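Here's a quick tour for anyone who hasn't met this structure before. Take a look at the sequence and the model, then read on.

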Amino acid sequence: MNTILEHLLGLHHLTDQAIATDFLLSSKSAVQNLAVAITEASNPEIRAVLNDHLEEAIASHERIFRYMMDKGHYRPYNIDEQLHVDLRTAKTALDIPS
C-alpha cells in the first residue's frame, strides 16, 4: 500500500505490526521444523548443521519478539495491555475501506 495512504488511513502501524507478526510466526515455525528435522536425522554431520540452523532460528525469533515488545505490538506479560492491542488492531482492520 502507498505510504501516504497508510498514514492517512492510520494503517502504517498496522502494516508494521502485521509484517512483524507474520515474521514472528514464520520464525516460530522454523524453530519447530528444525527441531523435528534434528530428531529425524541419523547422520551426525547433518544433525550438527541442523543444530546450527536451529540456534540461528531461535536467535531470530528472540530478536523479532523483542522488536514487537519494544514497539508495543506484543504484550505477553500483561493480558490487559495485550487485549487493548488486539482490540485496537481489530478495530483498525474493520475500519479499512473495502
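**Helix H3 and its neighbours**

Asn43 caps the N-terminal end of H3, with a side-chain oxygen 2.7 Å from the backbone nitrogen of Glu45. Keep in mind that this is a predicted model, where local features need pLDDT of at least 70, side-chain atom pairs count only at pLDDT 80 or more, and totals for chains, interfaces and linings use all residues. Residues are numbered from 1 along each chain as its sequence is written, and side-chain values use heavy atoms, leaving out hydrogens and water.

**Along H3**
- Helix H3 covers residues 44-71 (helices here are DSSP runs of H or I, at least four residues, numbered from the N terminus).
- At 1.5 Å a residue, its 28 residues should span 40 Å (1.5 Å times one less than the number of residues), and the end C-alpha atoms are 41 Å apart, which agrees.
- Buried residues of H3 (buried means under 20% relative accessible area, with a 1.4 Å probe and protein chains only) include Leu50, Ile64 and Met68.
- After H3 comes Gly72, with a positive phi near 85 degrees.

**An aromatic pair**
- Phe65 and Tyr74 pair edge-to-face, 5.6 Å centre to centre with 80 degrees between the planes (ring centres within 6.5 Å make a pair, and planes over 60 degrees apart count as edge-to-face).
- Phe65 is buried at 12% relative accessible area, while Tyr74 is partly exposed at 28% (partly exposed runs between 20% and 50%).

**Gln17 in H2**
- Gln17 sits in helix H2, residues 12-40, and is buried at 9% relative accessible area.
- Leaving aside residues up to four places away in sequence, Gln17 touches His73, Val85 and Thr89 (contact means heavy atoms within 4.5 Å).

How values were computed: Helix = DSSP H or I, 4+ residues; strand = E, 2+ residues; numbered from the N terminus. Polar contact = N/O pair within 3.5 Å; in protein donor to acceptor, adjacent residues only side chain to side chain. Phe/Tyr/Trp six-rings, centres within 6.5 Å; stacked < 30°, edge-to-face > 60°.
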